[in-house]
Amino acid sequence: MAVFAHPDDEIGAAGTLALHARRGDRVMLVWMTRGEFASHFGEAPPEEVARVREGHGAYVAGLIGAEYRFLPFQDTLLTGGREEALALARLMAEFRPDAVVTWDPLDVHPDHRATHQAVLSALKLCRIPKLVGEAHRSPVRLYHYPRRELSRPWVYVNTAETQEVAEAVFAFYREFYRWPVSLEDFRARRRLLGQEARVPFAEAFQTDSPPAWPGLP
């Protein structure tokens, strides 16, 4: 499961999610909002922006091979509080993920930070039957987008096999929003991460606790 605040936040995980989908794993993309206050849409009413961006999410989920859900919270108003966490927890209890990918806890956008906080709380609440019905009590690995200033273990994913999916996701959003970042800039960033991991292309995440290495007690 990948949980983000707005459609297009998932670009940094698209190759990893597509890799899971290709190997037969169920993948679910979850957006906390529809990003209805995006400035790129000018004076368009929020409900129209929400409709367009929900279509974006559906299209990208199809490229990746993922299921998707939009939660009913408002853009720029996320708090990371109980209501948001409980909605996520109920979805986690239904989907029963083995791993969750989300935003880092220090991003400049308050919705991104709130999404991280809601995920943390949901991972606890989904284990409580009185809140979610049939609880999800299996271990869940938590990964978030990396930040160099966080002293947490890095996890690199070799996404060479699904680089074309990641590029398709990026190119779709870039064309729509007319971003100034080129496709070659996008590739270069992923090549750089790949060099750090000694693979052609990579995506990177951090985890809040050291992973269990095979063979260690």
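Task: identify which elements the buried residues of α2 pack against, and which residues those are.

Solution. The buried residues of α2 pack against α1 (14-22), β2 (28-31), β3 (67-70) and α6 (163-177), where contact means heavy atoms within 4.5 Å. This is a predicted model in which local features need pLDDT of at least 70 and side-chain atom pairs count only at pLDDT 80 or more, while totals for chains, interfaces and linings use all residues. Residues are numbered from 1 along each chain as its sequence is written, and side-chain values use heavy atoms, with hydrogens and water left out. Buried is the label for under 20% relative accessible area, exposed for over 50%, and partly exposed for what lies in between (1.4 Å probe, protein chains only). By that criterion the residues of α2 that are buried are Val 49, Ala 50, Val 52, Arg 53, His 56, Gly 57, Val 60, Ala 61 and Ile 64.

Task: compare the end-to-end reach of α2 with the expected value, and describe the residues at its two ends.

Solution. The expected span of a helix is 1.5 Å times one less than its number of residues. Helix α2 covers residues 46-64, which is 19 residues, and it reaches 27 Å from first to last C-alpha, close to the expected 27 Å. Pro 46 belongs to this helix and is partly exposed, with a relative accessibility of 35%. Once neighbours within four places in sequence are set aside, Pro 46 is in contact with Glu 36 and Phe 37, whereas its C-alpha atom is separated by 32 Å from that of Glu 164, a residue 118 places away along the chain. Just after the helix, Gly 65 takes a positive phi of about 90°.

Task: establish where Val 169 lies and which residues it touches.

Solution. Val 169 is part of helix α6, and its relative accessible area of 0% makes it buried. Leaving out residues up to four places away in sequence, Val 169 touches Ile 11, Ala 14, Val 60, Leu 63 and Ile 64. For Ile 11, which is 158 residues away along the chain, the C-alpha separation from Val 169 is 6.6 Å.

Task: work out what α3 and α4 pack against.

Solution. The end C-alpha atoms of α3 are 19 Å apart, which agrees with the 20 Å that its 14 residues should span at 1.5 Å a residue. Its buried residues, among them Glu 84, Leu 88 and Phe 95, pack against β1, β2, β3, β4, α4 and α5. Helix α4 (residues 110-125) has 16 residues and reaches 22 Å, close to the 22 Å expected. The buried residues of α4, including Asp 111, His 112 and His 116, pack against β1 (2-4), α3 (82-95), β4 (99-102), α5 (129-132) and β5 (141-144).

Task: find where residues with positive phi sit, and state how accessible Thr 76 and Arg 198 are.

Solution. Most residues other than glycine have a negative phi. Thr 76 has a positive phi of about 70° although it is not a glycine; it occupies the loop between β3 and α3 and, at 42% relative accessibility, is partly exposed. Arg 198, likewise not a glycine, has a positive phi of about 65°; this residue is found in the loop between α7 (183-197) and β7 (202-207), and its relative accessible area of 81% makes it exposed. Just after α3, Arg 96 also takes a positive phi, of about 60°.

Task: characterise the chain as a whole, starting from the order of its elements.

Solution. The chain holds 7 helices and 7 strands, where helices (H or I, at least four residues) and strands (E, at least two) are DSSP runs numbered from the N terminus. From the N terminus on, the order is β-α-β-α-β-α-β-α-α-β-β-α-α-β. The radius of gyration is 17 Å, close to the 17 Å that the globule rule gives for 217 residues, so the chain is as compact as a globular protein of that length; the radius is taken over C-alpha atoms, and the rule is 2.2 Å times the number of residues to the power 0.38. Buried residues make up 47% of the 217 residues. Among contacts between residues at least 6 apart in sequence, 75% join residues at least 24 apart.
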